[in-house]
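The following exercises concern salt bridges and the contact between two domains. Each task is followed by a solution in steps.

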Amino acid sequence: MTYEPKTLKVVGTRPIRHDGADKVTGRANYGADFKLPGMLWGKVLRSPHAHARIRAIDVSKAKALPGVKAVITGGDMPMPDGGVTQAGESAINTQHLAKNLMARDKVLYDGHPVAAVAAISESIAREALDLIEVDYEILPHVIDVEEAMKPDAPLLHDDLFTQNVEPKPEKPSNVAQRIFVGKGDMEKGFSEADIVIERHFTTKPVHQGYIEPQACVANFAEDGQAVVWCSSQGQFLIRDLCVNMLGMEASDLKVIPAEIGGGFGGKTTVYLEPLALVLSHKAGRPVKMTMSRGEVFRSTGPTSGCAIRAKIGALRDGTIVAAEMDLKFQAGAFPGSPVGAAVMFATAPYDIPNLSITGWDVCVNVPKIHAYRAPGAPNGAFAFESVIDELARELNVDPIDLRAKNSVAEGSKAPYGPTHGPLGGLECLSAAKNHPHYKANLGPNQGRGVASGFWINIGGQSAATVVVNRDGTIALVEGCPDIGGTRASLAMMCAEVLGIEAEKVRPSVVDTTAIAFNDVTGGSRVTFATGKAVVEATEDAVRQMRERAAKMWDIEPDSVLWRDGAAHETGGEGRSLTIAQIASKAAKTGGQIMGHASINAAGAGPSLTTHMCDVEVDRETGRVTILRYTTVQDAGKAVHPSYVEGQMQGGAAQGIGWALNEEYIHDEQGRLLNAGFLDYRMPVASDLPMIDAVSGEVPNPNHPFGVRGVGEAPIVPPLAAISNAIYDATGVRMRDLPFSPPRVLAALEEAERAKG
Amino acid sequence: MARVVLSGDLGRRFAGGEVEVRVPGDSVRRLIRALDERYPGIAGHLEAEGMAVAIDGVVYQDALLEEVGPDSEVYFLHAIRGGRA
Amino acid sequence: MPKIHVSTTVNGDTVEFLCETQETVLDVLRNTLGLTGTKEGCGTGDCGACSVLVDGRLVCGCLMLGVEAEGKEIVTVEGIGSPDRLHPVQQKFLEDAALQCGFCTPGFIVAAKALLDSNPEPTETEIRYWLAGNLCRCTGYDKIVRAVQDAALEMKGQQA
Ligand code: FES
Ligand code: FES
């Protein structure tokens, strides 16, 4: 199914989303809003140490507390056979996951679960946790990624040997694997260069920061059949992970998706659900578990802090001839950082003939790193887009022109190999350059920064069912949780194919027993991949309706054409039948009408984006204020432009938070000091200006309406855009995130001193 | 015969650097078989979970029966899903 | 743990409940009274997802004890708008696409209503500072601020 230009009536408009009224009135049910009769409350005891051996756990006092119905520790959780479960942007190793859910012999981070209880009230459950005695032998810990790579660093896993290095290591280390992407001849590339710039950058772990903490209810029946209600980015993933963890069969577990209060990648794994199932099984009653905000910060996936060396070589005329990068990423307690994506995409907006990019995946004593919006890409772009900016200044050329000169375009090769189809890099750059923002005047201590970003977008498995109701309205059944308006965009695509209004289509996200497997909502795939499935399912329903009309008229289906919500006879009497007229007779013409599709979508088109931002730096306090912000992104086709803009604005805001304030701060013992919104400072309304979102449209040839993904790319450029703006304002280059007031102040003072 | 490029880690590991080879086969599965004859052991690697294949620039996840044209350009990519976060 | 008897008014109805001393208004609304429209994002007064009106004042439900509700009048998101018509703030949130995941939305609706009740013509800066107690991770606030501006215009029009 490929792109065809056509006049669209629904796609590209801005109807009110179908789940809107429920969400502005408080009716919508999120993860923590569900309860069952006889329900117990589950709570988790977490390690206060960054790294320790568990000598013994005594749960007897907790068990004896009246009202406590079940207590579990690592020993009560089965250890699955190895293997890997795919999770959208992630591949999850089931044994690591099992150890992350509940520590066995060692705790690997502050917040690592060691035991869980279920009791008749929340307060009794909490009291029971206090009665569990854990005897720890505290071990030395390591959090900094470069420290963790040293040969004498404290070792998290004594069975971890670096993969993909020659010769094979003889000793275990914290380095899980090496990843390499490259081409050309580095020596030749750099020897041709007139200018070479090489710099070092660091970032800290940052959290996805979804406002809804993880929550679930599990109900395990005596016959082994279980149900879980939870908010996640994919009910099928939750089901598969739980059954893998607990040795169940897929048909034993039904997962019912709640509304989800934000995920950004962080809700593509399990933390509570398997524990709730085991507690429910033991207690014989439903169990509800919710995380506190502190638990969310201490135990759920942040994204990696990292250390990056970036080297770039260019000719005097601005042609980039070589780039070399070395990216060291924290994986957290178990292997699996997003360094692979950083390696592939850090330089991806540019066509560079000689490339050598190496990534290292390194275990450290923080929670297991989990996907966060365009995982890995913002870190890589921070470093590379900063050196590009330095290069532009060195050459004294406009930073947008320099980017355009080296931009990827249709026919150029991606750093990871393949030849690109149509993509919108140059379009974004020229839209940015022509935007009034780029020409606006700046005052003293103000500066402007530009940066670009790339995200590949993913396809994957999606299914959809289109049920034609007897009155001509439609039930659209799909299996991807709606985090930011995908019900609306999917219903719009369905309505477009049928030729009816979006409001006549009622979309539902259903449980794991009501539709075929769907990959998670993530990687910017739903509007693309599920959209494709919806279009195919709708076309299937249209085909059936044309056949029914043909039967009713006693003519060949080929003589029936579909337009504007009705079947039309092409020749003869020129008769027509609406959906309602066909559907109301369905019983007589062969039964109810239902279209289906289940696909593995390929060809999600990459997104390119360019951001620019103006900052003002307060030289007294080091505070950086964002004065103006513009994002330009190639969305392929904006199905519902408001929600496309919303993705761009929201991603930019997250990037701004990452740039200016967000970071995990640990004490000497490796304990997280800022496990709350007061001290982990995410942007609030008064921190930000309006964010201008310009969406360009270079259609993706592999989607019927030209859709690319949109959700990930907007978080890629802000880190560098802001760093470049700070330089423009002050002449000081910030290479260590975040650019919080004390750090900016220190850098300004240092620069003053250097000037003497 | 399709043009298969083994780049990055794959090239280093199996061919001592990036190579471009012509291999017979009209589907991804057949290509992988043909490649395995030339580079023993590569099939297990290419069929592993999480590998993706790009045929003429279009990225497929879990492709096996996907058609490959006589002049197609084929790359195998690892960790396409955006890293193993 | 002994429970305390509290009588109060919630969305216009007289309501009585029993609560433990450490339970918050948020706990009582959600767990005892089944009013789950009010959300918990932090439990420490930092996110505003639990915003409710108590005697007309905007408060974080997670920072007020259930027993303190005695004799008070509480309005939650469920008490805003009427069955035949959404409140202008709710309507503009929908029209302007001021929500993505929607988890922060009840808190923003309650906070924005409180703002417009006391200041019918706020400037953009006033809106941004008033709403600075409500976190939204999805939208970047742009469309939220615009929705509140549009709601203010709409309410002014209705009065005229
Ligand atoms: S839950 Fe009350 S402010 Fe966050
Ligand atoms: S819409 Fe998701 S937190 Fe605001």
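Domain bounds, as used below, come from an automatic or database domain assignment. The model is predicted, so that local features need pLDDT of at least 70 and side-chain atom pairs count only at pLDDT 80 or more, while totals for chains, interfaces and linings use all residues. Residues are numbered from 1 along each chain as its sequence is written, chains are lettered from A and ligands numbered from 1 in the order in which they are written, and side-chain values use heavy atoms, with hydrogens and water left out.

**Exercise 1.** Describe how chain C is divided into domains and characterise the contact between them.

Solution.
1. Chain C comprises domain 1 (4–79) and domain 2 (88–159).
2. Their C-alpha centres are 22 Å apart.
3. Domain 1 of chain C gives 14 residues to the contact (heavy atoms within 4.5 Å) and domain 2 of chain C gives 13 residues.
4. The two domains bury about 1,000 Å² between them, 71% of it on carbon and sulfur atoms; buried area is the accessible area (1.4 Å probe) lost on putting two parts together, summed over both.
5. Between these domains there are 0 salt bridges, a salt bridge being a side-chain nitrogen of Lys or Arg within 4 Å of a carboxyl oxygen of Asp or Glu.
6. On the side of domain 1 of chain C that touches domain 2 of chain C, the largest share, 3 residues, comes from strand β3 (residues 51–54) of chain C. Strands (E, at least two residues) and helices (H or I, at least four) are DSSP runs, numbered from the N terminus.

**Exercise 2.** Determine which parts of chain C the salt bridge between Glu154(C) and Lys92(C) links, and how accessible each partner is.

Solution.
1. The N to O distance in this salt bridge is 3.4 Å.
2. Glu154(C) belongs to helix α5 (residues 142–159) and Lys92(C) to helix α2 (residues 88–95), 62 residues apart in chain C.
3. Glu154(C) is partly exposed at 32% relative accessibility, whereas Lys92(C) is buried at 12%. Buried means under 20% relative accessible area, exposed over 50%, and partly exposed in between (1.4 Å probe, protein chains only).

**Exercise 3.** For the salt bridges Lys23(A)–Asp19(A) and Arg487(A)–Asp482(A), state whether the partners are buried or exposed.

Solution.
1. In the salt bridge of Lys23(A) with Asp19(A), the closest N and O atoms are 2.7 Å apart. Lys23(A) is buried at 2%, and Asp19(A) is buried at 6%.
2. For Arg487(A) and Asp482(A), the corresponding separation is 3.1 Å. Arg487(A) is buried at 9%, and Asp482(A) is buried at 2%.
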